[in-house]
Amino acid sequence: MSDKTNTPKDTHYAKLRRAYRDEKSGGAPAFRPRQPVPPGENAADGLVRLYGLHTVRAALDNPRRKIRKMLVTRNAAERLEIADLAALPFKTELVEPRDIDKITGSDAVHQGVLIEAEPLKAKRLDALGDAKLVLVLDQITDPHNVGAILRSAVAFGAGALITTARHSPQESGVLAKSASGALEHIDQIEVKNLADALGQLHEAGFRTIGLDSDAPAELEKSFAGEKIALVLGAEGKGLRQKTRETVTTLARLDMPGAIHSLNVSNAAAISLYVARKFLASSE
């Protein structure tokens with residue numbers, strides 16, 4: 001009997017030798033980490049690529065959405081409850097997940113489905129209708145944040161999302177995936193001059209409330225009237241000076257903890273919830 005004791009180093013090399021023998025003999029290959037796949041070329045001019053089950057399902061159900069092409073795996077088609085791909089009114093291809101990876105990149109969570117579609121057309125401010133709660137974004141450019149804000153806006157029944165024509169993210173797969181289908185359920189209004197748009201909101205009876213962590217008044221004590229527009233600025237720089245001067249009032253979310261600011265999408269969700277409760281109590 002041998003008195004030799006295997007060390008961790010011996011065990012390591014023994015594993016490497018076994019893996020090499022297995023691979024040479026056609027057995028189990030040595031483990032190789034999967035190489036990331038970079039995104040492919042952009043969609044053709046005038047089209048956007050949207051992906052993910054919730055995003056695509058909402059797009060399919062939106063009569064305003066003009067879809068040109070779909071790539072879908074068999075599993076995703078079943079989860080989307082599409083029984084007959086040939087019956088869809090646009091080109092459809094049954095593919096493997098790796099085929100979509102080559103387009104979106106392997107980091108995108110596409111869940112086996114991607115569509116190419118025309119972007120939704122932004123509306124004018126005079127198309128606001130009878131909305132009583134709207135969100136106004138002052139140059140928030142991160143598509144993840146804007147997507148999350150869209151999701152909260154739809155969840156709390158906001159009538160529209162108002163953004164500036166410049167310094168706002170364009171419709172994209174990242175934005176739509178973050179919105180989880182909300183992109184199809186809310187009017188998006190695009191304005192050239194935010195201060196002028198706030199003035200028009202005032203004329204329409206809206207109380208515009210700018211969110212500012214240093215404002216003296218609490219948000220809950222700033223509500224009045226029957227129409228509310230919540231105005232949020234970009235992370236870091238916040239509301240621009242002209243916006244601060246134009247809104248009806250500035251207000252803060254009262255946070256007694258050590259941190260006194262939130263991610264803008266979180267602040268939007270809390271503000272929408274509080275505003276919706278106020279409006280409901282006033283009806």
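**View 1. Here is Q188, a residue of strand β7 (residues 187–191).** A quick heads-up: this is a predicted model. Q188 counts as partly exposed because its relative accessibility is 26%, and that label covers values between 20% and 50%. Setting aside neighbours within four places in sequence, Q188 is in contact with A122, K123, L150, L161 and L183. Take K123 from that list: it sits 65 residues away from Q188 along the chain, yet their C-alpha atoms are separated by 6.1 Å.

**View 2. Now for the largest nonpolar core, with its 51 residues.** The residues with the most contacts inside this core are M70, L150, L219 and L230. Helix α9 (residues 264–282) supplies the largest share of it, 7 residues. Apart from this core lies another one, of 18 residues, with L125, V134, V136 and A229 among them.

**View 3. Let's zoom in on L230 and what it touches.** Not counting residues up to four places away in sequence, L230 meets a whole crowd, including L133, V134, L135, V136, I209 and L211. Also on its list are L219, F223, S271, L272 and A275.

**View 4. This one is an open sheet of 4 strands, in the order β1-β4-β2-β3.** The pairing is mixed. β1 (48–51) and β3 (91–94) stand at the edges with a single partner strand each, so one side of each has no neighbour in the sheet. On average, neighbouring strands here are turned by 15 degrees against each other, direction ignored.

**View 5. Last up, strand β2 (residues 67–72) runs parallel to β3.** The two are joined by 4 bridges, and L71 has E93 as its bridge partner in β3. Helix α4 (residues 97–104) packs on the sheet and touches β1, β2 and β4 (113–117). The directions of α4 and β4 make about 45 degrees.

Notes. Residues are numbered from 1 along each chain as its sequence is written. This is a predicted model: local features need pLDDT of at least 70, side-chain atom pairs count only at pLDDT 80 or more; totals for chains, interfaces and linings use all residues. Side-chain values use heavy atoms; hydrogens and water are left out. A nonpolar core is a set of buried Ala, Val, Leu, Ile, Met, Phe, Trp, Tyr and Cys residues joined through side-chain atoms within 4.5 Å. Buried means under 20% relative accessible area, exposed over 50%, partly exposed in between (1.4 Å probe, protein chains only). Contact means heavy atoms within 4.5 Å. Two strands pair if DSSP finds at least two bridges between them. Axes are lines fitted to C-alpha atoms, for helices over the stretch in contact, and angles run from 0 to 180 degrees between N-to-C directions.
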